[in-house]
Every structure is written in C-alpha cells, then in structure tokens.
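The following note collects points on side-chain contacts and solvent exposure for a colleague's consideration. The points are numbered for ease of reference.

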Amino acid sequence: MDRSFDFTVAMSRLCADITRRCEALSHVRMDQVLVTFAQARRRCLHGLQAKLTPLRFEQGSLVTRRGSSLWTLRRMFVGEHEQLYLLTFYLPRFLDQSLDEKFITIFHELFHICPRFSGDIRRHEGRYHVHTASQKEYDREMAQHAAAYLATRPREQLWEFLRYDFKTLTQRHGGVIGTKVPIPRLIRIPEQKSA
C-alpha cells in the first residue's frame with residue numbers, strides 16, 4: 001500500500017482553509033487554483049520557493065499583444081472547473097525552510113491573486129506593481145496575516161506537515177508525491193490575412 005504523502009492535496013486543503021479564514025483572501029476560489037510542485041534544480045535554501053502563475057493577462061484578458069504579435073495561453077480545466085492560476089511550490093527547497101518562512105511564502109503567493117479573481121495578478125500602484133516598492137515590507141505584512149490566521153486556531157492536522165523538512169516528511173511517509181504541471185508557454189496567434 002502506497003502511503004506516500006501527497007503534498008499538493010495537503011497544500012490545497014490548507015490554502016482553502018486560509019482563504020476561508022483570511023478576509024483579505026476571501027476572493028480566492030481554490031477550486032480554480034491548481035496547486036502543483038516542481039523539483040528545485042539545486043538543493044539549497046536560497047532561490048525560488050514558490051510561484052504563482054496567472055493563466056490570464058491584464059484585466060483577465062485571454063489575449064495579449066507583445067510587439068506586433070498577439071499571444072494567448074492554453075486553457076486548463078480540472079473537471080468542469082477552469083483553472084485561472086497555477087500555484088507551484090519548489091521542493092525540497094520550500095519544505096526545508098522554517099515554519100514561519102513557509103507560512104510567509106504561502107501568503108506571499110496567495111496575495112498575488114487579483115482581488116477580482118480574473119486570472120490576472122494583483123497590481124500595485126507605480127513601477128513596482130508586483131511587490132510594491134519593498135519586498136521586505138510586503139513579506140512583513142504577509143507574516144502578520146499568517147500570525148492572524150494561526151490565531152484563529154485552525155485544525156493542526158491541516159498544517160502539521162509544514163513542521164517537517166523534506167527529508168523528515170519523506171521518512172515519515174515513505175515518499176512525497178503530488179501534481180506536476182509544466183508552466184504553460186505563450187502561444188502565438190496567427191495573423192488573419194485580409195482577403
């Protein structure tokens with residue numbers, strides 16, 4: 001019997017609970033956010049921990065113009081639900097962080113989701129539209145949201161897996177598995193030739 005730990009199922013459940021309990025994330029519909037994992041290229045603590053990939057362009061558009069060309073993305077469905085975001089965690093790197101850092105990372109990525117849940121990212125004013133002018137300040141705010149979430153006393157079974165690093169989680173369950181999906185590439189839309 002395979003008793004491997006399904007990281008993406010556990011993370012999906014945790015994110016669903018976070019979005020139910022955190023008013024600032026109440027717009028997020030986790031049935032349209034596909035949680036995945038990817039293998040970190042190098043086994044070190046520094047580097048990309050997680051990534052939110054929007055599956056729409058600015059204002060939720062299915063098409064964008066880059067230069068003289070129009071581009072789109074392949075639409076993704078899980079059952080009847082069209083996925084508007086991919087939330088990818090890089091393992092083992094993400095799990096090898098401290099518990100506090102793991103929660104900050106989760107909130108950091110969920111906060112990138114547009115308040116209109118349009119498939120676009122949340123855009124801040126000015127030049128630094130992704131993280132505002134200070135990513136440190138952004139993450140400080142995420143730490144406050146994470147502390148407020150834990151203060152609501154969520155069931156420990158939902159987030160207990162975050163207590164363990166990758167090696168320990170693997171030893172406890174015999175393996176760590178989950179959903180892997182490649183980051184979608186832009187698809188160029190052929191130009192219509194006028195008659």
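1. Is Arg75 buried, partly exposed or exposed? With a relative accessible area of 45%, Arg75 is partly exposed, because the exposed class begins only over 50%. This assignment, like every other in this note, refers to a predicted model.

2. Arg75 has a salt-bridge partner in Glu82, with a distance of 2.8 Å from N to O. The two ends of this contact fall into separate classes: Arg75 is partly exposed, whereas Glu82 counts as buried at a relative accessibility of 12%.

3. Glu82 also takes part in a salt bridge with Arg56, in which the closest N and O atoms are 2.6 Å apart. Arg56 belongs to the loop between strand 3 (50–54) and strand 4 (63–66), while Glu82 belongs to strand 7 (residues 81–83); the pair therefore ties together parts that are 26 residues apart in sequence. Arg56 and Glu82 are both buried.

4. A salt bridge within helix 1 deserves a separate entry. The side chains of Arg20 and Asp17 meet at 3.6 Å, N to O. That value satisfies the criterion because the limit is set at within 4 Å. The two residues are 3 apart in helix 1, which means that about one helical turn separates Arg20 and Asp17. Arg20 is exposed, its relative accessible area being 63%, whereas Asp17 is buried, with a relative accessibility of 6%.

5. Over the whole structure, the search returns 6 salt bridges. Among them are the contacts of Glu82 with Arg56 and with Arg75. Shared partners in salt bridges also join Asp17, Arg20 and Arg21 into one network. As a general remark, side chains of opposite charge can pair when their charged atoms come close.

6. How many aromatic pairs does the model contain? The count comes to 9 aromatic pairs. One of them is formed by Phe7 and Phe94, whose arrangement is edge-to-face, with 6.1 Å from centre to centre and 70 degrees between the planes. Phe7 lies in helix 1 and Phe94 in the loop between strand 8 (85–91) and helix 2 (99–110), so this pair ties together parts that are 87 residues apart in sequence. Phe7 is buried, at a relative accessible area of 0%, and Phe94 is likewise buried, at 0%.

7. A further ring pair consists of Tyr85 and Phe117, with centres 5.3 Å apart and planes at 50 degrees, so the pair is tilted. Tyr85 lies in strand 8, and Phe117 in the loop between helix 2 and helix 3 (135–151); the contact therefore ties together parts that are 32 residues apart in sequence. Tyr85 and Phe117 are both buried.

8. Which residues do ring pairs link into a cluster? The cluster consists of Phe5, Phe7, Phe89, Phe94 and Phe161. Phe7 and Phe94, described above as an edge-to-face pair, are thus placed in a wider set of linked rings.

9. The final point concerns Arg29, which is found in the loop between helix 1 (7–21) and strand 2 (33–39). Arg29 counts as partly exposed, with a relative accessibility of 41%. A distance of 7.9 Å separates the C-alpha atoms of Arg29 and Phe117, although these residues are 88 apart along the chain. Phe117 itself is buried.

How values were computed
Residues numbered from 1 in each chain as written. Predicted model: local features only at pLDDT ≥ 70, side-chain atom pairs only at ≥ 80, totals over all residues. Heavy atoms only, no water. Helix = DSSP H or I, 4+ residues; strand = E, 2+ residues; numbered from the N terminus. Buried < 20%, exposed > 50% of the residue type's maximum accessible area, 1.4 Å probe, protein only. Phe/Tyr/Trp six-rings, centres within 6.5 Å; stacked < 30°, edge-to-face > 60°.
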